[in-house]
Amino acid sequence: MAAHRSGPLKQQNKAHKDGRHRGRGSAQRDGKGRLALKTLSKKVRKELSRVDQRHRASQLRKQKKEAVLAEKRHLGSKDGPPHHVLVVPLHNRISLSEVFCLLQDRDSGIIHLNEWGSSHSFMLLCPLLRHRWFFTSAKPGDLHTVLDMAKVADTILFMLDSLEGWDSTGDYCLSCLFAQGLPTYTLAVRGVSGLPLKKQIDARKKLSKTVEKRFPDDKLLLLDTQEEARMLLRQLASQKQRHLAFRDRRAYLFAHAADFMPSEENSLVGTLKVSGYVRGQTLNVNSLLHIVGHGDFQMKQIDAPMDPCPLNHRVIKSQKDSSLAMEICATDAVAEMEEDLKVLMKADPDKQESLQSEVIPDPLEGEQTWPTEEELDETNDFLKKSSKVVKKVPKGTSSYQAEWILDENGESGGEGDDFDDMENENFMEEESQDESSEEEEAEECETITLGESERDDLYDEKVDEEAEEKMLEKYKQERLEEMFPDEVDTPRDEAARIRFQKYRGLKSFRTSPWDPKENLPQDYARIFQFQNFTNTRKRIFKEIEEKEVEGAEIGWYVTIHVSEVPVSVVEYFRQGAPLIAFSLLPHEQKMSVLNMVVNRHPGNTEPVKAKEELIFHCGFRRFRASPLFSQHTAADKHKFQRFLTADVALVLTVYAPVTFPPASVLLFKQNSNGMHSLIATGHLLSVDPERMVIKRVVLSGHPFKIFTKMAVVRYMFFNREDVLWFKPVELRTKWGRRGHIKEPLGTHGHMKCTFDGKLKSQDTVLMNLYKRVFPKWTYDPYVPEPASWVKSEISSAIPEVDME
């Protein structure tokens with residue numbers, strides 16, 4: 001009988017691996033050195049379902065909407081500060097008196113207050129809308145006032161002309177405001193209803209095209225009648241607020257009233273009492289206060305008087321006209337307010353921030369102290385060990401006789417040679433220190449002799465000839481810098497090794513090392529430096545969001561007692577100028593080195609040289625300083641620029657108080673007529689004293705005789721010693737060749753140079769020398785207003801409000 005044979009579809013099972021299984025020993029050998037997992041390295045993210053994701057997104061949207069609504073309801077309410085509206089007319093044909101008369105409407109039950117004696121500001125209370133406004137105004141010509149008030153205003157109301165929109169002064173003002181950062185704004189037009197009906201449509205179309213250049217997505221509101229004024233007020237009350245980063249993290253205050261109490265010792269300095277509404281953040285009495293344009297000060301105490309303009313007041317109806325409601329602000333109410341004055345906080349000397357802005361340098365800090373006995377013993381032992389020399393001498397020779405025996409090189413092994421070498425090294429070090437400590441003389445500039453120009457007898461006598469000559473010289477220097485960047489002439493009456501003794505050569509500007517702590521000026525001993533500025537900024541901002549601060553809450557009407565204030569501050573306020581105060585964050589009173597990125601304003605073409613005194617608007621500060629210009633690159637070294645160029649962004653380096661970014665930057669230059677012109681705009685980059693600004697000097701020479709890979713170069717130096725001194729520095733040419741100095745020829749500065757290729761006869765040989773430069777210490781927090789800006793025009797244009 002035949003046996004059964006399985007077919008090709010029979011299942012084939014794997015054979016059992018007997019004797020080859022993994023034992024416990026092999027497992028231990030494989031896991032040798034491994035540690036058990038203690039904690040999870042990555043955060044476990046719980047994946048939500050689609051329904052949960054939609055629910056979470058809807059919750060976030062709801063929270064944002066509620067936050068926006070709460071901000072709208074708080075601003076201008078009975079518990080919040082008044083809605084500060086800054087009215088800026090952008091055309092000289094717009095009358096502020098007519099605008100303010102339309103906003104002051106008594107027939108609708110709106111109540112007007114004017115208690116500060118300043119005719120260009122008034123309070124507007126509206127119980128029907130449950131809102132209160134504080135209106136102020138500023139002319140576009142008064143640029144610093146407009147910029148300072150825009151820093152604290154909740155809304156800017158731009159008034160446009162019906163035909164042209166804005167004039168040149170208004171356009172210039174808009175450029176500055178856009179560069180600084182605009183809060184919430186509204187556009188209103190005057191004079192459209194006065195035009196014929198046929199021309200009104202054409203005027204609106206033309207005006208819309210004009211406005212689209214600056215405000216592409218904004219609507220224009222009319223302001224010619226009382227109904228349009230009420231519509232405008234409703235728009236202002238319901239508008240979403242835009243935030244400015246530099247003021248949202250600080251408490252700030254617009255002064256409604258100010259009083260000065262001189263001190264007993266000096267009548268020019270005293271205590272300033274400033275009253276106003278707290279905005280931004282909670283105001284702590286132990287922090288410092290910065291008054292814009294005047295400097296930093298300490299606070300003594302904060303009082304909490306009664307609100308002079310509450311939204312819900314006691315209202316008495318008149319017997320003659322029962323439909324008219326008026327608010328009574330009698331002297332009894334003022335007396336009651338003085339009686340109810342409460343001291344909110346007093347400064348604690350232990351917790352109060354210090355006004356110290358500079359480090360007091362110790363001249364003996366780097367001096368060497370007298371060594372101790374242990375250090376002297378260690379030095380003697382070291383000298384004994386190092387002075388021992390092994391020699392082959394005849395038997396019986398004493399140590400004294402061995403000193404006189406010469407070695408194989410013909411030299412004795414005594415200590416005299418070592419001492420001479422040490423003495424020579426010390427002498428060379430002292431000589432190099434003396435050379436580095438000498439002050440560098442003024443940089444030589446190329447001068448061009450100009451022929452005398454024929455003067456016209458009818459030339460305008462008002463032209464300042466000296467200023468014209470200086471400006472002409474600046475234009476020539478800027479033109480030479482563009483044509484021959486960083487090139488200077490080697491002086492013939494002075495040795496180049498002395499003239500450029502602080503300069504050095506670099507193999508590569510990008511990769512060659514340069515110690516940022518090397519050869520720092522004396523001013524660097526006066527400034528503060530952060531170990532890690534970015535981490536300090538994050539920590540302070542996090543404390544603002546999370547930490548609760550004791551003090552005056554947002555919306556409270558307070559009186560701040562500011563100590564050691566000069567009398568010029570209150571005189572400035574009494575002349576009609578605004579008084580604005582910001583609280584400082586920790587470390588913001590300390591001096592350091594600020595770096596700002598700016599771009600040249602296209603409306604200004606005059607040359608601006610480095611280290612000229614300029615006027616800065618940096619965040620909430622306004623000051624004068626002399627900056628350096630440098631390239632904006634990502635390297636560790638940044639090339640110095642002699643002029644403010646118009647095509648690329650540059651970095652300004654200046655001594656100024658610490659300011660935490662983000663903060664906008666505006667640069668102004670004072671002209672010969674006293675006016676300030678905008679030259680650049682940008683933002684604050686960092687606070688970093690170690691940012692190295694390297695100045696380059698290019699010495700040029702001309703090939704005299706050219707060989708295959710060798711050439712004789714002249715006119716770069718004028719004596720043999722200079723050629724030998726600068727021999728290690730690499731040479732380059734304008735056509736891309738590289739080489740070095742081989743040897744000097746003669747005594748008149750000619751030198752034999754080798755290159756990586758044959759030179760062209762029209763080529764120029766160059767040598768790059770570098771040194772680090774630092775800004776000038778010219779910081780001044782006081783910036784006076786230009787004399788040509790007359791503030792009486794503002795007050796005369798606005799009518800006073802009759803309270804009777």
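This is a short tour of the model, stop by stop, with what to select and what you'll find there.

Before you click, remember that this is a predicted model, so local features need pLDDT of at least 70 and side-chain atom pairs count only at pLDDT 80 or more, while totals for chains, interfaces and linings use all residues. Residues are numbered from 1 along each chain as its sequence is written, and side-chain values use heavy atoms, with hydrogens and water left out.

**Stop 1: the main core**

Select Ile-156, Phe-158, Leu-177, Phe-215, Phe-582 and Phe-668. These have the most contacts inside the largest nonpolar core, which has 48 residues. (A nonpolar core is a set of buried Ala, Val, Leu, Ile, Met, Phe, Trp, Tyr and Cys residues joined through side-chain atoms within 4.5 Å; buried means under 20% relative accessible area, exposed over 50%, and partly exposed in between, with a 1.4 Å probe and protein chains only.) Helix 4 (residues 143-150) supplies the largest share of this core, five residues. Helices here are DSSP runs of H or I with at least four residues, strands are runs of E with at least two, and both are numbered from the N terminus.

Now centre on Phe-668. Setting aside residues up to four places away in sequence, Phe-668 touches a list of residues including Leu-143, Leu-147, Tyr-172, Cys-176, Leu-614 and Ile-679; contact means heavy atoms within 4.5 Å. For a second, separate core, of 41 residues, try Met-591, Phe-640, Val-665 and Phe-774, which are among its members.

**Stop 2: helix 4 against helix 5**

Show residues 143-150 and then helix 5, residues 168-180. The two axes come within 10 Å and cross at roughly 35 degrees. (Axes are lines fitted to C-alpha atoms, for helices over the stretch in contact, and angles run from 0 to 180 degrees between N-to-C directions.) Which residues meet here? From helix 4 there are Leu-143, Val-146, Leu-147 and Ala-150, and from helix 5 Tyr-172, Cys-173, Cys-176, Leu-177 and Gln-180.

Pick Gln-180 next. Is Gln-180 buried or exposed? Gln-180 counts as buried, at 4% relative accessibility. Beyond its neighbours within four places in sequence, its contacts are Leu-147, Ala-150, Lys-151, His-617, Ser-664 and Leu-666.

**Stop 3: just past helix 5**

Step along to Leu-182, in the loop between helix 5 and strand 6 (184-190). Leu-182 is buried too, at 8% relative accessibility. Its contacts, leaving out neighbours within four places, are Ile-156, Phe-158, Leu-177, Arg-242 and Leu-244. Put a distance label on the C-alpha atoms of Leu-182 and Leu-244: they are separated by 7.6 Å, though the two residues sit 62 apart along the chain.

**Stop 4: salt bridges**

The structure holds 25 salt bridges, each a side-chain nitrogen of Lys or Arg within 4 Å of a carboxyl oxygen of Asp or Glu. Here are a few to select:

- Arg-132 and Asp-307 meet at 3.0 Å, N to O. Arg-132 is in strand 4 (residues 131-137) and Asp-307 in the loop between strand 12 (295-304) and strand 13 (315-317), so the pair ties together parts 175 residues apart in sequence. Arg-132 is buried, at 0%, while Asp-307 is partly exposed, at 22%.
- Asp-296 and Arg-621 meet at 3.4 Å, N to O. Asp-296 lies in strand 12 and Arg-621 in strand 21 (residues 621-625), so this pair links parts 325 residues apart in sequence.
- Glu-743 and Lys-752 have their closest N and O atoms 3.0 Å apart.

Finish with Arg-93, Asp-161 and Glu-164, joined into one network by salt bridges that share partners.
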